[in-house]
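Colleague: I'm new to this structure and would love a close look at one part of it. Could you take me through the largest pocket and what lies around it?

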Amino acid sequence: MIDSYMHQDELGRTAGTVYNCYKSIQTSKRTSNNEDERQVLLWSVDDVAAWIEKNGFSWCKQAFIDSQVDGDLLLQLDEKSLMESIGMNNGILRKRFMRLLNHLKCYADYSAIDESGLNDFLKRLGPEYCQYTYRMLLSGVRYEDIKYFTSEILEKECGISNSIHRAKILHKAKVESHLSNSAQAETSNRSETQDFDAFISYRRSSGSHLARKSLKP
């Protein structure tokens, strides 16, 4: 009886160990997949095809392969190109695909090509705004440029069709520019009004002495 209990206990520990290993592997896979999707800019045609198939669009995978769609081209696709170049004629399927693609755009890693922090700026508005990052970068937009833009520029050159999003982007850029200018002006004023200590040597009957005098610039 004791041996039986010991055997059951050993089996329980073994099962627990196997389960923990399984959970660890699954977590590792999820982390790896998430990290891979962040590197979409580096994807090959085969990587794109694998992503297409994984997300339930295997029926049109060959069209992506035939068109040699890599990570760069994938991020540039819109509904029009899906219909004309990929042959995705069903409007509902195109919307489903664009929803997946926009999610991919929002969490992609653009750090290698985004020197001005444009993606970080859009992320401060909300993760959904990062779907515009790549198109804006390809158009030559830098973070510091946006405060000079108009709604028309964001629509025509950056492909941002949502007028509410355009308005929020412009407003945020102007607010951040104003705050930055105010902070710089305050720093400059503090520097200009700072007192300077000067030491003056003068001679007295008992010997030379140094006197300190505060000077303003």
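Modeller: Happy to! Let's begin with α6, which gives the most residues to the lining of the largest pocket, five of them. Please keep in mind that this is a predicted model. The pocket itself has a volume of about 550 Å³. Its lining is made up of 20 residues, and those closest to the centre are Asp 78, Met 98, Asn 102, Lys 105 and Gly 159. Besides α6, the helix α8 also gives two or more residues to this lining. In character the lining is mixed: seven of its residues are nonpolar, seven are polar and six are charged.

The same two helices lead us on to the largest nonpolar core. Here α2 (45-54), α6 (91-106), α7 (118-125), α8 (133-138) and α10 (163-192) each give two or more residues, and α6 again gives the most, with five. The core has 40 residues, of which Phe 64, Leu 74, Phe 97, Met 136 and Ile 169 touch the most other members. As background, nonpolar side chains tend to be buried together in soluble globular proteins.

Ile 169 is a good place to see how such contacts look. Leaving aside residues up to four places away in sequence, Ile 169 touches Phe 121, Leu 122, Leu 125, Tyr 129, Tyr 132, Ile 146, Leu 154 and Ile 160.

Some of those partners bring us to α7. Which residues of α7 are buried? They are Leu 118, Asn 119, Phe 121 and Leu 122. These four lie on the same side of α7, because they cover an arc of only 155° around the axis. The general rule behind such patterns is that an α-helix has 3.6 residues a turn, so residues three or four places apart point the same way. Just after α7 comes Gly 126, with a positive phi of about 150°.

One last neighbour of α7 is worth a visit: Tyr 143, found in the loop between α8 and α9 (151-156). Is Tyr 143 buried or partly exposed? Its relative accessibility is 24%, so Tyr 143 counts as partly exposed. Not counting residues up to four places away in sequence, Tyr 143 touches Ser 116, Gly 117, Leu 118, Phe 121, Arg 124 and Glu 176. The C-alpha atoms of Tyr 143 and Leu 122 are 9.1 Å apart, with the two positions 21 residues apart along the chain.

How values were computed
Residues numbered from 1 in each chain as written. Predicted model: local features only at pLDDT ≥ 70, side-chain atom pairs only at ≥ 80, totals over all residues. Heavy atoms only, no water. Core = buried A, V, L, I, M, F, W, Y, C linked by side-chain atoms within 4.5 Å. Buried < 20%, exposed > 50% of the residue type's maximum accessible area, 1.4 Å probe, protein only. Contact = heavy atoms within 4.5 Å. Arc of directions from axis to C-beta. 1 Å grid on protein atoms, 1.4 Å probe; cavity = no way out; pocket = protein on both sides within 12 Å on 5 of 7 lines; lining within 4 Å. Points joined across faces, edges and corners; volume = space filled by probe spheres on them. Nonpolar A, V, L, I, M, F, W, Y, C, P; charged D, E, K, R; others polar.
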